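Here is a quick walk through a protein model, one region at a time. Have the sequence and the 3D view open as you read.

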Amino acid sequence: MIQSLLIANRGEIACRIIRTARAMGIRTVAVYSDADVNALHARSADEAVHIGPSAARESYLVGERIIAAAKSSGAAAIHPGYGFLSENADFAQAVADAGLIWVGPKPESIRAMGLKDAAKERMIAAGVPVTPGYLGEDQSPERLQSEADAMGYPVLIKAVAGGGGKGMRKVDAAQQFQEMLQSCQREAASSFGDDRVLIEKYILSPRHIEVQVFGDTHGNVVHLFERDCSLQRRHQKVIEEAPAPGMDAATREAICAAAVRAAKAVDYVGAGTIEFIADASEGLRADRIWFMEMNTRLQVEHPVTEEITGVDLVEWQLRVASGESIPLKQEELGINGWAMEARLYAENPATGFLPSTGPLEHLRLPEYARIETGVEEGGAVSPFYDPMIAKIVVHDETREGAIEELWEATTDVEVWPVRTNAGFLARLCEDPDFRSGNVDTGLIGRRGEELTEVPPPDDEHLRMAAAALTSRPATGVWDLVGGIRANAAPRSEARIIDDSGHVYTVTDLAPDEGEPQDEVVGFILGEGRSYRLHAPRGSGAGALGDGSLLAPMPGRVTAVDVAAGDAVAKGQRLVTLEAMKMEHGMTAPFDGVVAELTVEAGAQVTEGTLLVKIEKAE
């Protein structure tokens, strides 16, 4: 058995690996960048080694530094987690060449599945069904267009070296093909250094079904059943579940057998996932499920498989990397109940899912759910890495019970001042199609504003919240988590700023007894959302009211599309703000007139800065 393990990763997956390794009596070594000097994973390990500056390309992506850290700390093995270098065949080979144990598949297996076109050709040879498409060497625009025309639209253009939703374009008509092709090739060249593409027939009712596989060095390969990852936003998974809704025994047997054949075709060792795309227009059927790609690593959503099988996949990884056989035979594995996982991100759905980073002054996550996290109260969400706060995992005997547990858990999240997608996740759990199992990868996109537009709080909530500015309410839905107390006279007016930057004015307050506060934070229980409450401050505060749009986070104004006096329509873009290397358009909350414009292009603004004020049209 491995005696000491370096985790070449950070955040929740590093903490997850440390937990299992410690339970197995394995000494753990963490690595950390400048940004992670006080991170939870660095403090949880038995030893931590600094590997460089905050940017991942100068730390977590520098294989030489990670190998040097393993040698200096006396670690015998390296576990890559997921992301970063986990699917880098050259790094896996370098680890082995350094005399260390690589907790993952063989480098040649990673290479075999790393390029989508070569992987599909190998799958065809292994008898694994693949999506109809073009995988040819001729990459001329004319040949690619002719192949797409012959398939019939819509089609999907995919970067050969792509992943993570990048280098992918849907084309609905022949007239769009060349424009989309060029866009896809530019992104592929920028992200992967390879602009080659393949063409696939686009599935109109797609389901994302994946099978967990596991191999060892003794030639054994098993599957641990399927997961459904169809709830996606821009090709990024949001909620995953196991098993897949609507999967009958015959279809499960067929898809899982295909996954095992795929793994054996590349002599696979360790944990891996075979991803399939299913045409669910007539339900899940074996003849309408095709191989899409293989992830040669542990998946983010592996906990749902662990919950239904009772297996610790990280333990299996460590045992197999130590030379042991897979602990269980195929016939010893079964499905118990239903599991779901929701990814809680530091992002604001009300502002186009703009990342929200900064200190975690207040963090409360449901104790009754399985929580996988790499942060804690008093820590921070760094702008340098993926903004995941936690994975919320639930398990129940039935799918209906699991949905109810996940809904309860997502509504029971309290995070401040960082914004989260908790309310968005809760509304997904309430969606009738999701509840009935009628899901596909386009569900979130079709729902749009139904899932992201937060209705204004009702009058009762507004008054209870605003009362906190003049006193501390003894009861109510608002859970106050701090603030700056001021020795001021009771106020009769307060303003509440919501997560989208809209401001609500409450007058004629009847506060409870207590000390007044200038700023407090509240959480509407059962909705998974928070509000920031401010008292009026000087003459500038007089400009705030319904129709005032505030900067949701610090950034730079890149465009101003209106002028004072302009008539605007609900949803019309008014100002574009660049923050966290992303652009966010501030839009009109209703039809009206631009009463005040306080910024111009190029201006730097702080969170809460008034950008535009709209007065309702008469």
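## Helix H7 and its two faces

Let's begin with helix H7, which spans residues 141-151; keep in mind that this is a predicted model. Which residues of H7 are buried? They are Leu144, Gln145 and Ala148. Those three cover an arc of only 100 degrees around the axis, so they sit on the same side of H7. The general rule behind this pattern is that an α-helix has 3.6 residues a turn, so residues three or four places apart point the same way.

Now flip to the face of H7 turned away from that buried side. There you'll find the exposed residues Glu142 and Ala150. Just after H7 comes Gly152, and this glycine takes a positive phi of about 95 degrees.

## A four-stranded sheet

Further along the chain, have a look at an open sheet of four strands. Its order is E28-E35-E33-E30, and the pairing is antiparallel. The edge strands are E28 (548-550) and E30, each of which pairs on one side only.

It's worth going through the sheet strand by strand. Starting from the E28 edge, three bridges join E28 to E35 in an antiparallel arrangement. Here Leu549 stands opposite Val612 of E35. Strand E35 (residues 610-616) also pairs with E33, again in the antiparallel sense, over five bridges. In this pairing Val612 has Leu597 opposite. So what does E33 (residues 592-597) do with E30 (residues 567-568)? Two bridges join them, and they run antiparallel. One partnership to pick out is Val568, whose bridge partner in E33 is Gly592.

## The nonpolar cores

If you're after the greasy interior, go to the largest nonpolar core, which has 36 residues. The ones with the most contacts inside this core are Ile239, Met340, Leu344, Ile389, Leu406, Phe424 and Leu428. Several elements each supply at least two residues: strands E12 (236-242), E15 (338-345), E18 (358-364) and E21 (388-396), along with helices H12 (399-411), H13 (422-430) and H15 (443-447). Helix H13 gives the most, with five residues. As a general point, nonpolar side chains in soluble globular proteins tend to be buried together.

Leu428 is a handy residue to zoom in on. Leaving out residues up to four places away in sequence, Leu428 touches Leu231, Val238, Ile239, Phe434, Leu443, Ile444 and Leu451. Apart from this core lies another one, of 32 residues, and among them are Leu5, Phe214, Leu224 and Trp316.

## Cysteines

How many disulfides does the structure hold? The count is zero. As for individual cysteines, Cys184 is buried, with a relative accessible area of 0%. Cys429 also counts as buried, at 0% relative accessibility.

## The whole protein

Zooming out, the protein has 17 helices and 35 strands. Buried residues make up 55% of its 618 residues. What about contacts across the sequence? Taking contacts between residues at least 6 apart in sequence, 66% join residues at least 24 apart.

On the outside, the accessible surface comes to about 24,800 Å². Carbon and sulfur atoms account for 47% of that surface.

Note on methods:
Residues numbered from 1 in each chain as written. Predicted model: local features only at pLDDT ≥ 70, side-chain atom pairs only at ≥ 80, totals over all residues. Heavy atoms only, no water. Buried < 20%, exposed > 50% of the residue type's maximum accessible area, 1.4 Å probe, protein only. Arc of directions from axis to C-beta. Pairing = 2+ DSSP bridges. Core = buried A, V, L, I, M, F, W, Y, C linked by side-chain atoms within 4.5 Å. Contact = heavy atoms within 4.5 Å. Areas by Shrake-Rupley, 256 points an atom, 1.4 Å probe, with all protein chains shown as cover. Disulfide = S-S within 2.5 Å.
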